[in-house]
Each structure stands twice: as C-alpha cells, then as structure tokens.
Amino acid sequence: MNENTISTLPPNPDPCLNVKISPELVAQHGLLPEEYDQVLKILGRTPNLTELGIFSVMWSEHCAYKNTRKLLRLFPTEKKDKDSIGQVLVKAGEENAGVIDVGEGWGVAFKIESHNHPSAIEPFEGAATGVGGIVRDIFTMGARPILLTNSLRFGSLESDHVKRLFRGVVHGISNYGNCLGIPNMGGDVYFDDCYEGNPLVNALCAGILKHEDIQRGAATGVGNPVFYVGPGTGRDGLGGASFASRELTEESTADRPAVQKGDPFMEKLLLEACLEMMAIPDLVVGIQDMGAAGLTCSTCETASRGNSGIEIDLDLVPQRETGMNSYEIMLSESQERMLVIVKKGREQEIKEVFEKWDLYAAHIGEVKEGDRMVVRHKGVVVADLPAKSLTDESPVYEQPATEPAHIVDAKKWNLNAVPELPEKSVESSLEKLLAHPTIASKRWVWQQYDHMVMSGCTVEPGSDAGVVHLSIAGIDKRLAISNDCNNRFCYLDPYRGAQIAFAECMRNLACSGARALAVTDNLNFANPNKPEAYHMLKECVKGLADSCSFFDVPVVGGNVSLYNEHGDGAIDPTPVISMVGLIEKAERVTRSFFKEADESIILLGGLPYELGGSYFLQTEYGKKEGTCPNVDLNEEKKIQDFLIKTIDSGNINAAHDLAEGGLLVATAEMLFEKPDLGVDLTLDSLGDSNRLDALLFGESQGRVLVSVSKDKKEDILTAAMQDGLPAVLLGNTTNTGQFKLLVEGNEILDSPVNKLHKIWSEAIPQKMNHN
Amino acid sequence: MKVAILQFPGSNCDWDAEHAVKDVLGVPAARIWHKSHLPSETEAVIVPGGFSFGDYLRCGAIARFSPIMNDLKSFAERGGQVLGICNGFQILCEAGLLPGALIRNDCLEFRCVNQKVKLENSNDRFNPEEIGGELILPIAHGEGNYRLKDQTLEELESNGQVLLRYLGNPNGSINDIAGIRNEAGNVYGMMPHPERAVETYHPSLDGLPILKAFLKPVLLNSSVEVSAL
C-alpha cells in the first residue's frame, strides 16, 4: 500500500477529513490489510476517509456476514413440499425480512436481530433500539407489526452488575415496545455465568400483510426521487455496526457514543406514516430502513438490489446537530429513519402523508443510470463508489476450526461418576431447580410488557408458545411463536445442541396446537477467528440446517452476532431459534396447564434416562458437563405428529414438553396456573438408567406430558402404541393441592403445590426487589 | 358513524376500541384524527389508550391541546357521552373533564395483568346489578396511580362517582380507584381496558357489559339495531 497516493476525488469541504489513509487508520476501521488491498483494487485509487468509513461499516461482520456467509448457505430457504401452507414469499437475505404465506392471501413477515453489544454498555437504550430496529425491518416490508418477542441471556443474578443489566434491558424493551403498541409475547430468558459481561439481547418482530402489498428495498427507475423520512440525523451511534463486530473490553464503555438513543414515539409516527404511504397505490418504488450503517447501508443496498446507481446530497439531509461532516452523516446510526424511493412526479403525495404525522420527508437525491453510489456535500463529491462492491464483494472467510477439548471430554463422560441421589433429597433438588432463575417464573419480565394490546393475545406468555389472533387482518387464524436455545447443550455438543434448540422450539408449537411454518435464527457466538469458537459455530449451523431440512421448515431470515466475548470469557454457542406456527381453529389452541382434578396424566416419548448437560447437574453440583442428550429426529417427528393429530381430535386438555429440569419440573409447571390442584404420580420402574436422578431430573429429548380426560386415556395410550410412540400413564390430577410421587412403591414426594409455586414465582422478584 | 374514537399521534388502542364497538357490538364507529373536527352525527366519544405524544411532559399533557379537544369539551358540556380508557383517562384528567391526576405506579414499573376489579354502585348504568360485582379486566399502564386532593376525594366518594375499584391494588391508587365518572354522569374514565375483554379468546368477556353500559343512552334512542344490547 502506498501511503502517499492521494485520492482522485476533490478535497472534502471539511478539512479535518482530508487525512492520509495510513495503515493505522485502516486498522482502526476494522479492515485487514488484505481487505484494504481489495478496496484499492475495486476503486483503482485510494479511498478518502468518508469512503474508508463506508467500506468499514459495510464490510463489518454485522453487515457483510463475512465469516458466516458460506455457512449460512447450508440453510434451506424454501419449502420442499410446494403444496403445503407456509410457502416462502420472500426468501432469507433478499430483503429486510423474509415473508411466508399463511393463507387467504395473507403473509407474515418476521425476523430476529441482536443488540448484544449496545446492551452490554447501555442496557436500557441498547435493548430499546434493538426493538426499534427489528420493528422497522418488518414494516419496511409493508407489514403491520403484530407481535414482539425477545431471547435474553444474562450472567448470574447473584451479581449486582447483572441485576442492573437485566433490569435495564427489560425496562428498555418494555418502554419501547409498549409505546409502539405491539404486543410483546415474552420469549425466553436464561441465566448462565458465560453471559456475565456479555448479555444477549435478541429481538423478534412479526407482521402481517397482503401478498400484493409486499414492498421491496430496491432503487429502480432512473430519475425517481430518493426521500429521507424520519427525524434529523445526529452524531449518535457512529459506527455502531463496526462496534458490534469487535470483542467487548474494559475500554468498551468508551464506545458509548456507538450506542444509539431510541424514541419510540418517533418510531410509532414513522410506522403509521409509512404504512399510510405504502397504502397509496403504486407510489412507493422501494423502501429501506436506516439501521446498522444508517444512510450508507440504505443507499448502497437499495441501489445494489435495483441494479442502479444512486446519488444523494448530504446538504439536504435533515440534521439535528450543526457542523456534521460527510463521514459523520454517512455513518450515523440515529434511530427511526427510513429511505424511500417514490415514483417521479408524485413527490407531493409522500410529503402530505409525512406532514400529517409531523415528520420530515426530505428529497435528498435520485436513482441514476449505472452502478455508482455518489455522495455530495457542500457542492463537492465526497464519495463515489460502485454500490455492489459494498454489498456483494466483501471478503468471505472460512476460518480454521478445531474441536475444543471439552467437547471431546463430554462425549466420554460417564454417568456413574455422579453419586446416586438419595430418595429423601428429591424434594430439595426439585426446589433448587424451581428456584433457578432460568426455570423460575418470568412473570417479573413479561408483566412489564403490554402483551394484550391489539386485542389479539390468545395465549399469554408463560405457556409453551405465545399465540395471537390475527383479528387485525380480519381472518380467523392464530399465529403461535416460540423461541428456544439451551446454551448448555450447545456448549457440550454444538451439533446436537442446535438440533435440540430446533426440536424443542417446534415441539413447543406442537404442544400449543400449532403447525410449524418457518424459522428465523439469531446466531450468537464468540470470536470466529479462534478455531475452537469457529468449530462450534460451524457445528451449530450444520445441526440447525439438517433439522430444518428434515422437518421441511425453512429459514427465512435472521442475524449473526459474533465476537461475544468479554475479558477472559466467551459466551457459550447460542443459536437462538424462533419459529412461527399457525393454528387454524380456536378449539385447537392448547395451553400447558392442568385444568381440573381427575385428568389423566400421560408421558409421551418414554421415561427420561440421560443426565448430561442437565440443570440438575448445575443446581446440585455446580457443573456444566456430561454427554448431551440423544436427538432422534424421526422419533421427534413421531411425537409431534401424534400431538397435533390428537389435539385436532379434541382429546388433549393440556400439553407441556419436558425441558430444563426434566419430569418433575415440567409437572410442577403444569400445576402452577392453578396451585390448588395436585397430582398423584406413580412410576413402576426407574427406566433405562436405573437411576432416580436421571428419571426425575434428566433432560432426555422428545418427551411431552399431556393431560386428558379419564375416559379418553385408554384410547390415547392405544393410539400412541399403534404409532410406535412410547406412552406411559403416570397418574392423575387431584384437588388435594399436594404433589405426590411414588417410585417403585416408595413415597418419594408429598409436597404442597403452594410451597413449590411460591419458590418458583418468587425466585426472580426476590432477587430483583432486594438490592 | 355514531361513536367517534379519537386518534392522537401515539394512540395505540384506537383499533382495539373500534374493533370492540364496531365489529363486536355492531355499533357504527370510526377513528377521528386529532387535527380534525368531531363529525356532527357523533353520539359518543371514546378517547382510547396508548402513548399520545409519547407521554412527553406528562401523560395526556400535550394531547389536551390538540385541536379536537375544543370539540370534545363542547360535546361534553352539551351532555355528550365520553369514555376515556387508560391514556384516554389521563387525557380527560389533564383536560379538566374529570377530576384528579394519574401518576407513576408505586412499583415504578409498567404493569400488564388481568386485574380483578369491583364495580361500585355509581348510577343507573354502572352498578353491580347491571354489570356484575366482580370483574376481570386487563390493565396495561405505567402511570395509573390515581391521585386527588382530600376534599375533592370526599366529594367524589360521596357523590358515588367511583365506578371501579381494584381488588389487589396494582399501582398505589388512592382508595383503590380504577375508574370514575364526572358529577353529571356523562364523562367516564378508567385505567382498565374493557375493549380487551370482548372476545372468547380474551381473559374475560367482562368488557362487554362495561361498553354496553357506556353506550346505553346513545343506543336507547337509536334506530340502529344492536343485537348485542
């Protein structure tokens, strides 16, 4: 690289930007020397500072997926069965969000996105703007947002710092989402030491739209005007995308300006104004939100998708601070802004809509012939780049991968090394599990979210899946949503762990009476340049891709968040899976709670026998070890098909899958909506492990508890047998308020349900209210 | 159109209210933008929930200056029926159409729960005999802690202006007050959301008798057939 080469563009009107592009400056922008060489080759000259900034954000991991693009190609992006519902209308990566068909001419757009790094530094704003960003991705597609969920991961709640992060994140999500008036159906929250200092905040939004109303983020039609809508640009969030593509360090708090500040009221206005504008026939040609990399990303991506050139003038960009230079304006990540391309000659129509909502709609440029993205400031060209070089020509890496030693050890693990659990300890073991924040009630979280606005909430948070009625679209269908990822399994066996996350998510939908349609995933991983971390990333992606193919449930979009490390520690691999499903009929909506006394309780899938990776090992011995439970996708399919079929026939009162904590925790959770009920369970054998702990607390996969009315139990047991599905009658519900359990004739448990309920429901509030 | 549902920037329960009134109860209703006028045929007004003007300054403090509030005030003065729900209640208090103020919940957090409330014997429309004594209604607010000066509170209580009281106070409201009416009996305000309790998949159907009671005078002299009433 020749440091003395000068840019062939005229000098920038702001003298401070006319600096030599040194190797240090390149490094500060997160570009490797070979990446910079590629920039030189593309341009045939040295970039100026504004252009370097543009390459830096567009080629960051956050925008370019340079370490994951090859892996992501493993995901199926459409359905193999072309006759089934849920066909993909807009595929992953094509637009701001994927869209699937839900019948009757309607589609659902949905996507998950991370805001991990900002939330680690500034939890309230970080989480809030995470919600804002994903909501914009959805309404950009032309969809009316109808639900939100979040997947959250924090360190141990014993730490005051973690409590501050947890409270801040929940408040941020609550503050932003509630103001928008989009129901937040909860999601999942896990607590594990590996997230200390690097919490995960993944936000999902789903929206509904008519097939013909799907909008595209493409700048087409030479001469069409380009509008900037939303509030003015400030210096906040400068280079946020690059920030998110680095490891967090002690000095990261100095990056606080890279965290954006959200204004949910502004977003609500923007949402309504954009939907109103898009409802005007043939007005909007293309639309894209200004999220990561703000004005830069939206201009080059729309031009690239439209195979056009684009030219903008920064003097016309509304600004809320004075003296901003071209570098700052192009890289700002100020929130709640959109780029809109409309038909030439119809400028007045867009202006009128935005005036009604007291917002700016500034005409900042137009679509051009060719393929260049040209940026002017104060009458001077300050950037002139081929748009596609930014979006399509970023480097792609396949990193070296090494299987970490702990994974090799986990496969060799011997259950006999764990001492046998005495019968008298079962009660205290159960109580410890119920008090673990990952398992304990999350009401403290979701009662801060308005989950009932829009009048669609059909199954509130706390059941296996959240369900919203699609009344806003005027159709009598329900959308079910579930999020899942148990990091412990992904750490011990990334391939199986990802399969488990997928299978459990889908099982949760089946337990709710929903048929799975499609997936959005959020791949949260550590630094991919470390071979052990890259191995885990690769294996998780493979496990997930294989599961998607097996079940014919495509991935329609998602997000990758790498470099989730802090100090000496890295997070466990956390490929968060979110799946949407459809429930056609009201009577099929199934919840995970016993309804009354005298229901028969049946365990489908066989007695649990594996203890590896379980929460029991954590709460009892403080260990994250063992062989990850077996996954058999054929068996998984069998149990899910059986569930759906039996729910359709109206024979299931409640269904709940066995997950963290195993059989006893799952049974207790089914009691907790009506703690006056009780259960009498009898197990005649210890099952294959011949161990009490593995039977009662093991986390073997593909197990579901169902309750059915007494007169149906024989039919259901017979039907399961005919399908080759193991099914055991465990007992029945009672009105005693006692949790009773006999194993091989010995009384193991006789606990008041109220006492267990209190432990479970107060665990998180107690920690959060006393500090 | 008989029922006008006001729409301010930041309103977000306007669709819900319209759905409950129009689709569920079958009463003609429309959303009216805050910069326009109340249509002359308006027979009742619902000020819906949400975050009008982002709750900036104070909840409802900016909405009270919206152009449509002049029409609303004269409509109320003429005896027109007005119901404020959640943020709508806050707006009516700020506008002086109802007494008191709503401040931050005492738990300092937003609360979205299915709330048990007790219906008071307030007037010939709002009383346990007409509606039922105990109801389950959704609440969803961060600022529903009702406050009133001692003397005015005594007046409110002795006039029977309290409509609803919380059973298990979620926000610190004085005297557990969840909803009130004005002295004349034509302006109503409540924090719970009756429009979110009208469908079989909702937590209860207890919103229906509340909305029917509010709309009763309008519909008694109505030519519209309302099967739900």
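Three exercises with solutions follow, on a predicted model.

**Exercise 1. The sheet**

Task: Give the strand order of the open sheet in chain A and name its edge strands.

Solution:
- Step 1. The open sheet has 6 strands, in the order β1-β2-β3-β6-β4-β5 of chain A, with mixed pairing.
- Step 2. Strands β1 (88-90) and β5 (184-191) of chain A each pair on one side only, which makes them the edge strands.
- Step 3. From one strand to the next, the twist averages 25 degrees.

**Exercise 2. One strand pair**

Task: State the sense in which β3 and β6 of chain A pair, and find the bridge partner of A:Glu113 in β6(A).

Solution:
- Step 1. Strands can pair in a parallel or an antiparallel way, through backbone hydrogen bonds.
- Step 2. Strand β3 (residues 106-114) and strand β6 (residues 200-210) of chain A are antiparallel and share 9 bridges.
- Step 3. A:Glu113 is bridged to A:Ala203 of β6(A).

**Exercise 3. Helix α7**

Task: Describe how α7(A) is placed against α8(A) and against the strands.

Solution:
- Step 1. Helix α7 (residues 123-139) and helix α8 (residues 160-180) of chain A pack at about 35 degrees, and their axes are 7 Å apart.
- Step 2. The crossing of α7(A) and α8(A) is right-handed.
- Step 3. Residues in this contact include A:Phe124, A:Val131 and A:Val135 from α7(A), and A:Leu165, A:Ile173 and A:Tyr176 from α8(A).
- Step 4. By class, the contact residues of α7(A) with α8(A) are 11 nonpolar, 7 polar and 1 charged.
- Step 5. Helix α7(A) also lies across β3, β4 (144-154) and β6 of chain A, at about 25 degrees to β6(A).

Note on methods: Residues numbered from 1 in each chain as written. Chains lettered and ligands numbered in written order. Predicted model: local features only at pLDDT ≥ 70, side-chain atom pairs only at ≥ 80, totals over all residues. Axes fitted to C-alpha atoms, helices over the stretch in contact; angles between N-to-C directions. Helix = DSSP H or I, 4+ residues; strand = E, 2+ residues; numbered from the N terminus. Left-handed = near helix turned anticlockwise from the far one by under 90°. Contact = placed C-beta atoms within 7 Å. Nonpolar A, V, L, I, M, F, W, Y, C, P; charged D, E, K, R; others polar. Pairing = 2+ DSSP bridges.
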